[in-house]
Amino acid sequence: MNVDSYMNQVPDHATFPAVDEMHAELDHLAATHPDLVRLRHIGTSRLGEPLRVATIGAGPHEAVIIGGPHPNEPIGSLTVSNLLRRLIDDAWLREEFGYRWHLIPCVDPDGARLNEGWYARPGDRQAYAEHFYRPCEADQVEWTFPLTGDGYTYDRTLPETEALMRLMDEVKPAFVYSLHNGELQGAFYYLSREVPGLAEKLAAIASGQGLPLHMGPPEIPSARQIGPAAYITPRGAELGEVYGIGGGSVDYADRFGALHLVTELPYWADPAVSDQTPTGQVYGDTIAAHLAAQRDLIAELGRSMAAVQADLTVASPFRRSMEDFLGTYETYIAEWEGFPGADRPATVAEVVGNEQLKHSMRLRYCGTLLRLLDAELAAGNPTPAIRAERARVRALFDAWFTEADTGFTATPIPIRTLVAVQLGAALLAAEAAKSPDSA
């Protein structure tokens, strides 16, 4: 298969689509191609949004493609759109490649609507932070699949998660693809198992599109690397009890022996995140400085929450997200204590990666706190404490943004590039999933 030919067909995109635009496109494509596209309702979100899947292709293998598992990660909605259009237009891909595709553009529409304020300005870092929303762990579709194991059980599945479970139970997929992205790290991948040569091919398509590979600190300290910027996907059994979460879509995909892929792509490109040149810093010192900065962030935002806690009246998603962050993030960063082999020199990628993560977390959650306070004011709750803290947090956000923006050299990545890489990865992994060697 010439994956590049499909990647090259991705058009330019200036913005990410709003939820209503996603629904409208599905309706249009299903109505225009009723003989090819089957559109159906597979569930309802917590706020009453329809969850819909577009099915196309001849099989005999089944693929489930999950867009928007985290609502601040909308690249996948366009990847689903482009893959669906390629399948409509290309009879060989649709009929001969060997898959029936089940495509979900956005599995968390409630959360996506709370990010739409920046979807139209994808390269604007300040707009992203000011309109950022990421659900608390208990409200994340990706990490609320059921878990049953020794000493830890998770059964608080969400309606959106249950819709995915029903779909997978019905079709018994050979390939499941969860479409993710980050902010300033390089491109990297998670695979549910090692498949000969696949990690290298995935890295090559990202590099071929000009994306830096993520060679800095791993997202999760225990992640096992299997190739350039590729890791084995952590399972709920490893993470659930530590973070108070359920399984991931990978855990449910394991029930069917499916190959599961996650593609993580940045919005901004900085070549330094791939630079493996040793620096004069000890890696352990870099980690310690990063942990200290993150703990300062927790303390700073915790003081703000304490100042207004008695006055809060709105059970907003921003409040749930902030309280969850303050209650659990220390557990996450503590996993980095005593990281093995940290007495070596840190690479440029590791130093830059930790520094950028410091700025990203500051802006994400300071922005969330501002939205929490604005929700109180909008509800008619302008107490002196809330007004005073809102002014203080706004000044803090502005100072942190200025610090993050000083010397910032990363450039916004064209959306078509990001979509092309996710689409190419889908085809490479789906091809690999058909092979007996991938089992």
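**Close-up views of the sheet and its cores**

**View 1. Strand 1 pairs with strand 2 at the sheet edge.** Strand 1 (38-44) and strand 2 (residues 50-57) run antiparallel and are joined by 6 bridges. Strands are DSSP E runs of at least two residues, and helices are H or I runs of at least four, both numbered from the N terminus. Two strands pair if DSSP finds at least two bridges between them. R40 stands opposite V53 in strand 2. This is a predicted model: local features need pLDDT of at least 70, side-chain atom pairs count only at pLDDT 80 or more, and totals for chains, interfaces and linings use all residues. Residues are numbered from 1 along each chain as its sequence is written, and side-chain values use heavy atoms, leaving out hydrogens and water.

**View 2. The open sheet has 9 strands.** Their order is 1-2-4-3-7-11-8-10-9, with mixed pairing. Strand 1 and strand 9 (225-227) each have a single partner strand, so one side of each is left without a neighbour in the sheet. The twist averages 25 degrees from one strand to the next. Axes here are lines fitted to C-alpha atoms, for helices over the stretch in contact; angles run from 0 to 180 degrees between N-to-C directions.

**View 3. Strand 7 is mostly covered.** Of its 7 residues, 7 are buried (under 20% relative accessible area, 1.4 Å probe, protein chains only). F175, Y177, L179 and N181 point one way. V176, S178 and H180 point the other way. Strand 3 (residues 61-66) pairs with strand 7 in the parallel sense over 4 bridges, with I65 partnering Y177. Strand 11 also runs parallel to strand 7, joined by 7 bridges. There, Y177 stands opposite L261.

**View 4. Helices 9 and 16 lie across strands of the sheet.** Helix 9 (residues 198-208) crosses strands 8, 9, 10 and 11, at about 155 degrees to strand 8. Helix 16 (residues 415-433) lies across strands 4, 7, 8 and 11. Its angle to strand 11 is about 165 degrees. Contact means heavy atoms within 4.5 Å.

**View 5. The largest nonpolar core holds 125 residues.** Such a core is a set of buried Ala, Val, Leu, Ile, Met, Phe, Trp, Tyr and Cys residues joined through side-chain atoms within 4.5 Å. I65, W101 and F175 touch the most other members. Helix 16 supplies the largest share, 14 residues. Leaving aside residues up to four places away in sequence, W101 touches residues including A54, I56, I65, L83 and L427. A second, separate core of 19 residues includes L51, I104, F145 and A258.

Conventions: Buried means under 20% relative accessible area, exposed over 50%, partly exposed in between (1.4 Å probe, protein chains only).
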